[in-house]
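This report covers charged side chains, their pairing and their burial. Please look at the model below before reading on.

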Amino acid sequence: MRTICVVGTGYVGLVTGACLAELGHRVVCVDNDVRKIQQLKKNIMPLYEPGLDVLVKNNVKRRRLSFSVNLKTAVKESEVIFIAVVTPPRDDGSADLSFIETVACEIARSMDTYKLIVDKSTVPVETGENVEVTIRRNLVKKIPFDVASNPEFLREGSAIKDTFHPDRIVIGVKSKKAEQILKEIYAPIKAPVIVTDIKSAEIIKHASNSFLAMKISYINAVSNICERTGADIEKVAEGMGMDKRIGRSFLNAGIGFGGFCFPKDLEAFYWISRKMGYEFNLLKEVMEINKSQRILLVKKVEDALWNLKGKNIAVLGLAFKPDTDDMRFAPSIDIIADLQKAGASIRAYDPQSVKRAKLVLKDVTYTKSPYEAAKGADCIVIITEWDEFKEIDMRRMAKLLKHPIIIDGRNMFDPAAMRALGIVYKSMGRGE
Ligand code: UDX
């Protein structure tokens, strides 16, 4: 059992803290957002993540997990400190690391015994080095410490499962002691551990996310060829994916990726490469293809409805992907703005994200069901592939719509089955 402090209670911090407590460690999660900590103490989660509330509740009850706004005390009481604060994008796309710096300074000033400071946030290469220098400069007296990089690969919506069953655990360290502590912390998790230097660990994270984003843009580029030739991108992806070297995952064509990780990490990786004197143009193209898929969906709506002025559009799904309420960099934001700019009115349904959508979307009417959204609408636009949409009674839907038109940005349905119901169904890269 180790005493651990996790700084930052966003997705990464909160899930990491709760999971480390579940592994048997004593964890205190710290945040400077007083309200958030008060809510967490009442077991009110600041975000929607399946199973997180139960995990938090159980571990608080067992006295293995607690919440605090007091970083100083938490540092003193912990041997290992995970930094999991946000690294938001600046206007030029580079990562804003000022929160990491502030936390590193505070840790240094609060330290009185050996500490292992582990970076969990996604950061550009060489951040570990800067954290080490910052801590050394701000130490009140000479105290031994180690810095390590231990990037997370959890996906929103399956964050807990991803944490307990990762494909690998990446540990970037400079000392045997740091390696040993981190290996011990993760010992209950049965996954291969790769130990590297700190810079390599930092790059593993950026390079992995960029590679996955590249896979998505690649299949989206191919879907454009399918569309022009009448080929079926679903079959193409299946056939490509059967090659073990390629793999089927992250080959789902559609309106592309959103969320707080891929767009921001791509930009940050491009930016840091450039800073190092390498123009990583491949990453730029990945971003461009991603943007063009959103525009393509709007064009499909225009092709189906001609003028959008005065039209009513039912949007199904707003979150950047299913099983999350996260709206950050969600494709729905750009798509809805473009539809509205062209004069359409939007009625939207999403099972989870409405509260957060209200903060970022303007002039949208929210409904309690997909049917309510569709009633009298000129067409349906599917943006997020929530499982519950698969259960929709399409016959009923077609009757509710003014015109039975569905534009599906996530290829959720079988085009032939839709046609059989008399629905004009347009999806991405399937040649209809
Ligand atoms: C991602 C990484 O997967 C994770 O390892 C990292 O720690 C954080 O970033 P996340 O952003 O939660 O996780 O979601 P993910 O499931 O990877 O999906 C990202 C985006 O790509 C979503 O908008 C999703 O709709 C899109 N996507 C994914 C596709 O368009 N096609 C696919 O085949 C897969």
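At 41% relative accessibility, E129 counts as partly exposed, a class that lies between buried (under 20% relative accessible area) and exposed (over 50%), with a 1.4 Å probe and protein chains only. The model is predicted: local features need pLDDT of at least 70, side-chain atom pairs count only at pLDDT 80 or more, and totals for chains, interfaces and linings use all residues. Residues are numbered from 1 along each chain as its sequence is written, and side-chain values use heavy atoms, with hydrogens and water left out.

E129 forms a salt bridge with K199, meaning that a side-chain nitrogen of Lys or Arg is within 4 Å of a carboxyl oxygen of Asp or Glu. This pair links distant parts of the chain, with K199 in helix α9 and E129 in helix α6 (residues 127-138), 70 residues apart. Helices here are DSSP runs (H or I, at least four residues), as are strands (E, at least two), numbered from the N terminus. K199 is partly exposed as well, at 34% relative accessibility.

A search of the whole structure finds 28 salt bridges. The table gives three of them with the distance between the closest N and O atoms.

| Salt bridge | Closest N and O atoms |
|---|---|
| K199 and E129 | 3.2 Å |
| K264 and D265 | 3.2 Å |
| E385 and R410 | 3.5 Å |

E385 lies in the loop between β12 (379-382) and α16 (394-400), and R410 in the loop between β13 (405-408) and α17 (415-420), so their salt bridge ties together parts that are 25 residues apart in sequence. Of this pair, E385 is partly exposed at 28% relative accessible area, whereas R410 is buried at 15%. Salt bridges with shared partners also join E156, D325, D326, R328 and R356 into one network. In the K264 and D265 pair, K264 is buried at 8% and D265 is buried at 1%.

Which side chain of opposite charge is nearest to E202? It is K199, 7.5 Å away, and E202 is buried without a salt bridge. For such charges, Lys and Arg count as positive and Asp and Glu as negative, with His and the chain ends not counted. E202 is found in helix α9 (residues 198-229). Beyond residues up to four places away in sequence, E202 touches V123, P124, V125, E126, T127, G128 and S149, where contact means heavy atoms within 4.5 Å.

Helix α9 also holds S217, which is buried with a relative accessible area of 1%. Leaving aside neighbours within four places in sequence, S217 is in contact with F257, V286, I289 and N290.
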